[in-house]
Amino acid sequence: MKYDVVVIGAGPAGATAAKFLAEKAINVLLLDKQVFPRDKPCGGGLQARVIKRYPYIKKNDLIDSYSFRLCFHSSSLKYKIDVLKSEPIIAMVLRNTFDEGLVHLASQNGAMFLEGKAAVSIKTNTDYVRVTLNDGTTIDASYVIAADGMWSTMTKQLGGTQKNQNIGMCVFEEYPVSKNIMDQFFSEQRCAHYYLNIFGIAGYGWVFPKKEHVNIGLCEFRHAITSDYQKKNLKTLYVQYVTLLKETKIIPKTLQVGTVKGGVFPTVPMERTYRARTVFCGDAGGLTNPLTGEGIYYAMASGEIASKVIINALNNGFALSQTLSVYQRWWMHDFGKDHKRYFRLSKGWRVDVENLVRLFEKDQKFIDLVLSVVMEPLSIKKIRWKVARHVLSVYIKNRLGLID
Ligand SMILES: Cc1cc2nc3c(=O)[nH]c(=O)nc-3n(C[C@H](O)[C@H](O)[C@H](O)COP(=O)(O)OP(=O)(O)OC[C@H]3O[C@@H](n4cnc5c(N)ncnc54)[C@H](O)[C@@H]3O)c2cc1C
């Protein structure tokens, strides 16, 4: 079998890349080791900017529900930043239907989809790449997009590694709940909750309400852990977390914790996200937000960028050495510099977040500044000095005793 491009992994990164390639009549094979619809450990929250950049998600009905309200609770639960907007702040998806929908869009545009087959090896030759599947089939292509997720086999085979501490660890569960009960507890605004530093973890707990599901999880950023940190058992804390949510009437008392699932995401990009004829997208390239763990946006954006680079390469026949390095430059320009900034901020996951929520709970200017990067595909570069100046002035006023 011979294709222009083989995309390995049909998550948001791979399916988006395949869609954009197929739209330009590129001969593309999208393959996944699982049969779809398949599940993927995830909260399923998309910041509004994802919809603004990829409006076809909404047009094709891939959104389950919208949250117009967010509550950020301090770890003591004494303070909270409560944000309410007339337009959605977060869109919620169910990963099995969302990912299947993205694959469907790629197929509709002409991509071939092969499911239930794993790529087990990749070999780069002078003018093509050979991918071997678990049934022994070989597929040749001019270029490969490796979008095979966090534990990417392709990345490992081509010499890419992730340090153990550069990950986010999660425990979570998605519970089916009737629409009536969801309306009763989360209202039609589907208020989503974040519990910052809950139980002293270097991260947060989330409660993401959907139409007829609620996704509840805890997430810890390993790179933010310092030497004085007492190791926590996230599974044990999860049971306490759900109990706390019931006691504070955030979720119904009847909700039973079942088989709590685990999940991991990368928090640092690979040093070099391209090889001679291959690029690494989404989690396979380590392209998840190191402050929040949000990865769907960056998976889709990197898939889109990879497709554009490869279309250029196929059309213009650039020298190989130039061609795929452009991919790294483009995603760095698009969101990579922000990732570095988020990484620096994320070191603060254990630093006085309680005080931050206390000081900013009624600070509309701060809330609006932060919301501007959630709602729009906007670099934090544009607001960082405004935020820094504002935060500094609030801290100084607090020191001078001018804030209650
Ligand atoms: C618990 C948890 C909660 C999260 N919550 C959110 C959230 O609320 N919002 C958000 O934006 N992000 C969230 N993320 C991150 C997000 O899930 C990922 O960043 C995103 O799924 C990455 O997309 P991807 O396409 O790169 O990889 P994936 O979605 O992981 O897709 C990779 C695909 O590759 C396939 N595959 C793997 N190996 C092979 C192989 N050898 N051959 C063929 N196919 C293969 C897999 O079957 C899979 O379908 C969360 C992550 C975790 C772990």
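**View 1. Polar contacts around the ligand in the predicted model.** This is a predicted model. Gly295 meets the ligand through its backbone: an N or O atom of its main chain sits 2.9 Å from a ligand nitrogen atom. Cover by the protein amounts to 95% of the 1000 Å² of accessible area that the ligand has on its own. Arg38 uses its side chain, placing a polar atom 2.9 Å from a ligand oxygen atom. Lys40 also contributes a polar side-chain atom, 3.4 Å from an oxygen atom of the ligand.

**View 2. The residue shell of the ligand.** The ligand is surrounded by 39 residues. Asp32, Arg38, Gly43, Gly45 and Asp283 come nearest. By class, the shell holds 17 nonpolar, 13 polar and nine charged residues.

**View 3. Helices and strands that build the shell.** Which elements each supply at least two residues of the shell? They are the helices α1 (12-23) and α8 (296-316), together with the strands β2 (28-32), β12 (167-176) and β16 (261-266). The most comes from β16, with three residues.

**View 4. Two domains around one ligand.** The protein chain is divided into domain 1 (2-58 + 94-162 + 270-345), domain 2 (66-92 + 164-265) and domain 3 (362-399). Domain 1 and domain 2 each give at least three residues to the shell around the ligand.

**View 5. The interface of domain 1 with domain 3.** The C-alpha centres of domain 1 and domain 3 are 33 Å apart. Nine residues of domain 1 and 10 residues of domain 3 make the contact. Interface size is often quoted as the accessible area lost when the parts come together. Between domain 1 and domain 3, about 830 Å² is buried. Carbon and sulfur atoms give 54% of that area. Which residues of domain 1 lose the most area to domain 3? They are Arg49, Lys52 and Arg341. Together these residues account for 52% of what the domain 1 side buries.

**View 6. A cis peptide bond before Pro37.** The bond from Phe36 to Pro37 is cis. Its omega is near 0°. Pro37 belongs to the loop between β2 and β3 (45-47). On one side of this loop, β2 is among the elements that each supply at least two residues of the ligand shell.

**View 7. Backbone geometry at Ala25.** Ala25 is not a glycine, yet its phi is positive, at about 60°. Where does Ala25 lie? Its place is in the loop between α1 and β2. Both α1 and β2 appear among the elements with at least two residues in the shell around the ligand.

How values were computed: Residues numbered from 1 in each chain as written. Predicted model: local features only at pLDDT ≥ 70, side-chain atom pairs only at ≥ 80, totals over all residues. Heavy atoms only, no water. Near = heavy atom within 4 Å. Polar contact = N/O pair within 3.5 Å; in protein donor to acceptor, adjacent residues only side chain to side chain. Areas by Shrake-Rupley, 256 points an atom, 1.4 Å probe, with all protein chains shown as cover. Helix = DSSP H or I, 4+ residues; strand = E, 2+ residues; numbered from the N terminus. Nonpolar A, V, L, I, M, F, W, Y, C, P; charged D, E, K, R; others polar. Domains from an automatic or database assignment. Contact = heavy atoms within 4.5 Å. Buried area = accessible area lost by both parts, 1.4 Å probe.
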